[in-house]
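Me: I'm new to reading protein models. Could you walk me through a few features, one at a time?

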Amino acid sequence: MRKTLGLAALAAALVCGGANAQQINVKIGVLTDMSSLYADNTGIGSVVAAQMAADEFMKSHPNFKVTVVSGDHQNKADVGVQIANQWIDVDHVDVIADVPNSGVALAITQVAAQKNKVFMASGPASSDLTGPKCNGNMVHWTYDTWMLANGTGKAIVKTGGDTWFFLTSDYAFGHALERDTAAVVKANGGKVLGAVRHPINTSDFSSFLLQAQASKAKIIGLANAGGDTINAIKQGAEFGIVKGGQKFAGLLVFASDINALGLDIAQGLIFTETFYWDMNDKTRDWTKRWHAMRKDDNKVPTMNQAGVYSGLLHYLKAVAAVGSAADGKAVVAQMKKMPAEDEAFGKSTVRQDGRVLHPAYLFEVKKPSESKYKHDFYHLRATIPAEEAFRPLKDGGCPMVSG
Amino acid sequence: MTERVADPMTQQPSLWRQQSETIGFVVMVVALVVAPFVTYPLFLMQAMCFALFACAFNLLIGYVGLLSFGHALYFGWASYLAAYSAKAWGFTPEFAILTGTATAALCGFLAGALAIRRQGIYFAMTTLAFAQMMYFVALRMKFTGGEDGIQAVPRGYLFGLIDLRNESAMYVVVLVIFLAGFMLIHRIINSPFGEVLKAIRENETRAISLGYKTDRYKLLAFVLSATLAGVAGSTKAILVQIASLTDVNWPMSGEVVLMSLVGGLGTIFGPVAGSFVILTLQYKLSFLGEWLLVIQGVIFVACVLLFRRGIVGEIANRLRIRL
Amino acid sequence: MFEIFGIPSTALFGQLLIGLINGSFYALLSLGLAVIFGMLNIINFTHGAQFMLGAVAAYMLLKFTGIGYWSALILAPIIVGAIGILIERFFLQWIYKLDHLYGLLLTFGLALIVEGVSRNYLGSAGLPYTLPESLRGGQNLGFMFLPNYRVWVIVASLSVCLGTWFLIERTRIGAYLRAATENPTLVRAFGINVPRMITLTYGFGVALAAFAGVMAAPIYNVSPNMGSDLIIVVFAVVVIGGMGSILGAVLSGFGLGIIEGLTKVFFPEASNTVVFVIMAIVLLVRPAGLFGRRA
């Protein structure tokens with residue numbers, strides 16, 4: 001009697017399992033900055049990219065039903081955590097993507113681990129995500145502070161910019177970027193003369209710029225991003241920083257920032273990115289589709305937005321391979337097993353600590369006279385191969401990496 | 001400051017009118033015990049923390065007539081210290097909450113002693129300014145984590161025994177803390193001390209001439225209010241496992257004013273009702289984004305111009321009961 | 001370039017200049033608050049939002065109609081002042097008889113509405129307002145680099161402050177105003193339309209805030225929270241100076257700006273808190289404020 005019951009249960013389980021294989025529901029939550037200083041390099045553009053990934057995947061996998069929801073974390077960790085908890089507990093979201101702002105991202109990665117969901121970190125920068133704070137539920141796409149420092153910092157020190165003063169955004173991201181860049185500067189024989197920290201979303205940089213000016217450093221390293229970078233560079237012009245012989249080094253610059261600054265002010269800036277819309281036919285084609293959905297031709301897609309697309313596409317493929325999105329750890333393990341490929345980023349691999357490896361590119365902003373068509377912004381100066389672009393696995397201090 | 005509600009004691013005392021507060025209390029407790037089975041528990045627990053915060057604030061404005069526009073200071077700093085002591089020093093939750101509460105009491109004593117030197121509008125501006133000062137201190141200090149806040153605060157084991165990661169256990173703890181704080185405030189208001197406070201609210205000069213050292217009474221009330229706000233802040237930090245600048249910044253001070261105003265200043269149940277109403281709005285309408293701020297502003301204006309009694313005050317007035 | 005107490009002169013004079021500029025905004029705003037408080041007995045919490053509206057108006061004028069900085073300096077205060085008059089007519093006039101604290105709450109609610117609406121339309125990052133050509137650039141004085149626009153801000157706000165002081169303390173209109181503050185019933189008995197005077201005073205105070213907003217736009221960018229960050233510091237300035245006199249509001253505004261600038265040089269960690277610390281000391285020593293009369 002007991003045996004038959006057990007068999008019946010097993011049969012029922014099999015039938016249910018079979019029914020599940022018919023349709024797989026996946027809910028994507030794009031947690032982003034909708035209205036503040038990072039809204040231009042992520043925001044709506046990221047939601048659009050997520051929707052692109054979902055639509056394309058559903059076309060090739062008719063048994064998938066992928067829905068995208070979005071939320072504004074307002075650059076506050078507590079707001080982000082509250083949305084994430086509610087998404088996972090009440091709305092059954094399976095993967096949280098984007099999250100530009102390392103402070104928020106460090107909180108979200110813990111929520112994802114606690115509730116065994118997936119955090120597809122394509123927006124944050126801090127290399128701690130794959131370092132001391134790593135876990136088996138997070139994949140770090142697009143870029144990180146170590147890679148930016150290694151690409152941009154090294155190139156500038158080697159061309160003579162050997163004394164630095166940092167203007168640092170005063171939270172997890174800025175601290176990590178300053179730390180990683182200072183290490184690169186020192187390793188290449190340069191000197192760091194000082195640093196000043198400013199609150200995120202600062203409108204008046206004058207008092208910080210004066211300190212940078214007084215330091216007499218050759219390079220003023222901007223360890224900030226988005227609106228903060230734009231403001232610092234613009235106000236630097238007002239206080240005669242560049243005329244006085246000092247130079248800005250934008251350590252994290254997006255195509256959207258160049259769009260906002262204009263080539264006039266931005267020309268000559270050197271920085272590292274992992275995606276540029278005008279790289280090849282595939283990225284141009286991708287950008288065309290992005291523009292069609294974004295419905296605003298004046299915007300340029302950034303590497304963060306492309307990263308949302310690329311990361312989510314790989315995530316969905318892994319869900320298909322596992323057969324369900326329920327177990328976040330299993331999906332991430334699958335993402336690490338198989339190589340990724342898409343139009344925006346080309347080929348990439350996911351490393352044991354959650355770091356995604358793909359090539360990085362050193363760009364220089366064109367002079368206004370060199371720009372031939374709309375959004376023709378960059379010269380490609382160097383390509384850093386995937387193996388060299390990111391921090392070596394053993395140096396990260398990720399507890400998941402043994403031996 | 002509060003609209004006068006016809007004193008129920010002068011009315012014909014029927015039994016349910018006399019017992020209106022008890023009935024209200026029983027209804028509230030039953031609702032809070034049943035609610036987690038039908039609503040998102042994390043939301044309810046947060047709402048209870050804010051309700052206690054609003055009750056603490058109301059103790060000042062409703063019963064002493066002092067408008068503090070800087071109560072985020074006590075709420076936020078308590079949450080920082082609770083979070084820090086639980087995370088860095090490994091305190092059990094009850095000691096973490098005590099640490100946070102003690103911090104709030106100390107801050108309340110220092111700010112209160114200075115602020116009560118001015119009256120009325122100046123008092124409100126002074127409290128706001130002190131709160132903003134401590135916001136900047138929180139922004140600058142290392143241990144608060146600045147913009148990142150104190151993250152991944154362990155909920156820990158209550159008395160070293162009960163695992164608070166269990167949502168039901170956490171719910172019971174928050175409910176008990178909320179009810180205890182609520183009853184304590186009720187007790188304070190109805191004590192001889194509370195009667196003196198009300199006398200100061202009505203006419204401070206007369207209270208002085210009757211021989212009361214009103215400054216001491218005001219300061220004590222201020223410290224009590226700050227302390228209870230601290231209990232709320234500490235509990236919230238343990239609950240949501242994060243302490244951040246949001247809790248110590250001025251919009252938080254404004255929010256608690258709004259909650260009390262909506263519910264009814266100077267009523268026992270008003271702040272509770274107000275905080276549940278405001279939080280439900282924020283929760284249900286979160287898709288509206290920044291329009292929420294506009295809605296809050298409209299509610300503020302509407303309350304001041306049209307419903308100065310608030311929800312509970314209006315009900316109490318209609319039914320001629322005390323709530 | 002030389003050094004003073006081991007501080008490079010660029011840093012010292014530069015921070016002093018920035019302090020003076022912040023001081024001029026403190027002065028203009030606390031002046032407006034004092035004027036409004038004198039007539040209406042209301043602490044205008046919307047003041048910060050109206051400061052922001054001034055900047056927004058300048059931004060909109062430039063973007064949609066191409067009207068530049070100089071015209072905006074006149075037009076924006078008129079527009080925002082007119083909005084202020086509407087606010088007074090529709091909202092404030094109903095609460096004069098209530099406890100003063102209701103005025104604070106009402107204007108706080110109005111501030112939230114204004115700020116929320118602007119965040120929806122502008123986002124919370126700052127929008128750039130381009131400087132007029134004539135004010136760009138700066139002078140290299142050797143010991144420091146002096147941007148032209150910042151000098152203009154100091155000169156303009158000083159003149160407006162002094163002008164307002166003259167208007168209120170030395171003209172007939174000012175005399176009516178001061179009389180109505182002391183005893184509105186008596187002034188009304190002399191046949192002066194006091195309610196209209198109250199309305200216009202509010203409009204004028206708001207226009208002062210908007211004027212400051214236009215001047216701030218090229219420096220701070222146009223952002224919805226530019227006012228709320230500032231207004232709380234201005235409250236502290238008002239508590240320090242006391243609301244008693246126009247000159248007191250102006251002096252404490254400039255003075256505290258300079259002290260803040262100096263703090264940035266010698267002890268930058270405390271630069272945000274120094275105003276509040278001074279407020280605490282003043283409360284201990286002179287509870288009514290430096291220029292205030294005992295209530």
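Reply: Sure! Helices here are DSSP runs of H or I, at least four residues long, numbered from the N terminus. Keep in mind that this is a predicted model.

Me: Okay, in which helix is Tyr121(C) found?

Reply: Tyr121(C) sits in α4 of chain C, the helix covering residues 100–122.

Me: And is Tyr121(C) buried or exposed?

Reply: For that you count neighbours: 12 or fewer other C-beta atoms within 10 Å makes a residue exposed. Tyr121(C) has 10 C-beta neighbours inside 10 Å, so Tyr121(C) counts as exposed. Also, its C-alpha atom is 9.4 Å from that of Pro224(C), although the two residues are 103 apart along the chain.

Me: Now strands. In what sense do β8(A) and β9(A) pair?

Reply: A general idea to start: side chains in a regular strand alternate between the two faces of the sheet. In chain A, β8 (residues 219–223) and β9 (residues 247–250) are parallel, with four bridges between them. One of the bridge pairs joins Ile219(A) to Lys247(A) in β9(A). Add helix α8 of chain A (residues 227–238), and β8(A), α8(A) and β9(A) form a right-handed β-α-β unit.

Me: Last one: how many residues do chain C and chain A bring to their contact?

Reply: People often give an interface's size as the accessible area lost when the parts come together. Counting residues instead, chain C brings 22 and chain A brings 19. On the chain C side, α1(C) gives the largest share, five residues. That side splits into 10 nonpolar, 10 polar and two charged residues.

How values were computed: Residues are numbered from 1 along each chain as its sequence is written. Chains are lettered from A and ligands numbered from 1 in the order in which they are written. This is a predicted model: local features need pLDDT of at least 70, side-chain atom pairs count only at pLDDT 80 or more; totals for chains, interfaces and linings use all residues. Two residues are in contact if their C-beta atoms, placed from the backbone, lie within 7 Å. Helices (H or I, at least four residues) and strands (E, at least two) are DSSP runs, numbered from the N terminus. Ala, Val, Leu, Ile, Met, Phe, Trp, Tyr, Cys and Pro count as nonpolar, Asp, Glu, Lys and Arg as charged, and the others, Gly among them, as polar. A residue is buried if 20 or more other C-beta atoms lie within 10 Å of its own, exposed if 12 or fewer, and partly exposed in between; C-beta atoms are placed from the backbone. Two strands pair if DSSP finds at least two bridges between them. A crossover is right-handed if, with the strands pointing away from the viewer, the path from the first strand over the helix to the second runs clockwise.
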